[in-house]
Amino acid sequence: MHITGIISRKRDNLRLTADEIRAAVLGYSAGDITDYQMSALLMACFIRGLDDNETLALTRAMIESGEIADLSGIAGVKVDKHSTGGVGDGTSIVIAPLVAACGVVVPMMCGRGLGHTGGTLDKLESIPGFRTHLQVDEYKRQLEKTGVAIIGQTDAVAPADKKMYALRDVTATVECIGLIAASIMSKKLAEGCDALVLDVKSGSGAFMKSDALARQLARVMTNIGAGFGVTVEALITDMNQPLGMAVGNSLEVAQAIETLKGGGPADFRSLVFTLASRMLMLGIKGCDERSALDMLADKIRDGSALKKFAEIIVAQGGDSSVIDVPERILPKALNRRNICAKTGGFVGRIDTAAVGRASVMLGAGRLRKEDVIDYGAGIMIHRKHGDCVTAGEPLATMYYNRPPMLEDAAAVLEGAWRISRKRPSPLRLIKTLIPLTLPSPSRGEDTKAPGLLSSPRRGED
Ligand code: URA
């Protein structure tokens, strides 16, 4: 089975078999298939799409490229959350310590910036010394000791996602339901969680531009989770404007710390509390929404969520004084420039992907695989949807050092805000809750992911 044959079959809109998908993924992971060949295959998948069986086969192959972390020796329900990608969405940095401070174990495997969206790994690595690359043993030890670990894909766990994710980031092959679902679910299933809350973003800054597409992505992911014995719940949330006020790595870490201290922008806090409460309800028997929200508020108020974040930073080699003096510890940008409203009125539509793209151009993300991130670069948002503005008032401030694309970034950002004469109707942050998808009843505890990996369901290929 040669890779060019697999690429041309997908190019010609033929359905790939599980064996073909497995050969491509494992071949790429092993280094036998080149970046340019995988790029061509990803583009063919992007253009032609992947059906449910192809997506399941891709998820399986990506898991099979490494090992599945066995967390059965760690007591309690292990619960994670994952977002499908947004602008300014640094909620994981708050949610992981907050939920762990409530006693629920949080194994969190996340990604880097992808396309115009930011990534938790890049954000955390803006803390000097912070290591996201933990070996499986170290990851398990940290989960036992601290109750939470935030890691990236490794050469042992989800290595295919690590490579394919980096390639999709720079080849315009991100916005494909099958590729996103397999990328997210392979990481989540390989990290060893029992339950998962998915934050499926919808809107101008999301990969899914409409609620209908977001629901479709949620359905594919929840079905995969259930098939692998993991309880999954999904929320469709709004991404028609950046979440919070900060976009960019250091800036978002500073905002997350402020939120752990009890402050933070209202929309950001609200999403943190919503997602974290769902995680508590999955992780603590008999926990209802009211008691979950009360518990979360207590852990912020009494400082234990912040203390847990400090524990994570220390455990993963970072400088925990970032918590007390973030402005001294986090990398900074030397320059700032405001983007101002040309006319007065109300902020209507914000092209949120454009805000993300501008942030990448300023150096906060990668345009090529080998690009080095500028952790201090980014954008602070001053005016959001529905806000009243006067002509000349700053809408956002760019933070930058020496990006070659500064003027392009400024132009993109200037074009992102639409000012209208009429106040627009408000956006609803939490749009839909897609209820729990429980593990398939036909499959007992003993047939978790490895069972499915070795025995595809009949009629699938
Ligand atoms: N998050 C992921 O982990 N993968 C994607 O493809 C998109 C968002």
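Strand β4 (residues 195-202) runs parallel to β5, and eight bridges join the two; strands here are DSSP E runs of at least two residues, helices are H or I runs of at least four, and both are numbered from the N terminus. Two strands count as paired if DSSP finds at least two bridges between them. This is a predicted model, in which local features need pLDDT of at least 70 and side-chain atom pairs count only at pLDDT 80 or more, while totals for chains, interfaces and linings use all residues. Residues are numbered from 1 along each chain as its sequence is written, and side-chain values use heavy atoms, with hydrogens and water left out.

Back to the strands. In the β4 pairing, Ser202 sits opposite Asp238 of β5. Add helix α10 (residues 211-227), and β4, α10 and β5 make up a right-handed β-α-β unit; right-handed means that, with the strands pointing away from the viewer, the path from the first strand over the helix to the second runs clockwise. β5 also pairs with strand β13 (residues 430-437), this time in the antiparallel sense and over five bridges. There, Thr237 stands opposite Ile430 of β13.

How enclosed is strand β5 (residues 231-238)? Eight of its eight residues are buried, so the strand is largely enclosed by the rest of the structure. Buried means under 20% relative accessible area, exposed means over 50%, and partly exposed is in between (1.4 Å probe, protein chains only). Thr231, Glu233, Leu235 and Thr237 point one way from β5, while Val232, Ala234, Ile236 and Asp238 point the other way, and all are buried.

Two alanines have an unusual backbone feature to look at. Ala158, although not a glycine, has a positive phi of about 55°, and it is placed in the loop between β3 (148-152) and α8. Ala172 is not a glycine either and has a positive phi of about 55°; this one is found in the loop between α8 and α9. Are these residues buried or exposed? Ala158 is buried, with a relative accessible area of 0%, whereas Ala172 is exposed, at 54%.

Next come the empty spaces. Rolling a probe the size of a water molecule over the atoms shows where empty space is left. On a 1 Å grid over the protein atoms alone, a cavity is a set of points where a 1.4 Å probe fits but cannot get out, a pocket is an open set with protein on both sides within 12 Å along at least five of seven lines, and lining residues have an atom within 4 Å of a point. Grid points are joined across faces, edges and corners, and a volume is the space filled by probe spheres set on the points.

Searching the whole structure turns up four cavities of 30 Å³ or more. The largest cavity holds about 290 Å³ of space. It is lined by 27 residues, with His82, Ser83, Thr84, Gly85 and Tyr165 the closest to its centre. Helix α9 gives the largest share of this lining, five residues. By class, the lining has seven nonpolar, 13 polar and seven charged residues; Ala, Val, Leu, Ile, Met, Phe, Trp, Tyr, Cys and Pro count as nonpolar, Asp, Glu, Lys and Arg as charged, and the others, Gly among them, as polar.

The second largest cavity takes up about 180 Å³. Of its 25 lining residues, His116, Thr117, Gly118, Ser359 and Ala364 are the closest to the centre. Helix α16 supplies the largest share of that lining, four residues. Domain 2 (79-326 + 429-447) and domain 3 (332-420) each contribute at least three residues to it, with domain bounds taken from an automatic or database domain assignment.

As for pockets, the largest has a volume of about 340 Å³. Its lining counts 17 residues, and Gly115, His116, Asp169, Ala172 and Arg357 lie nearest its centre. Where does the largest pocket lie? Domain 2 and domain 3 both give residues to its lining, so the pocket lies between them. The lining of the largest pocket has eight nonpolar, three polar and six charged residues.

The second largest pocket has a volume of about 250 Å³, and the residues that line it include Ser250, Pro326, Lys332 and Tyr399. Helix α11 provides the largest share, three residues. This lining, too, draws at least three residues from each of domain 2 and domain 3.
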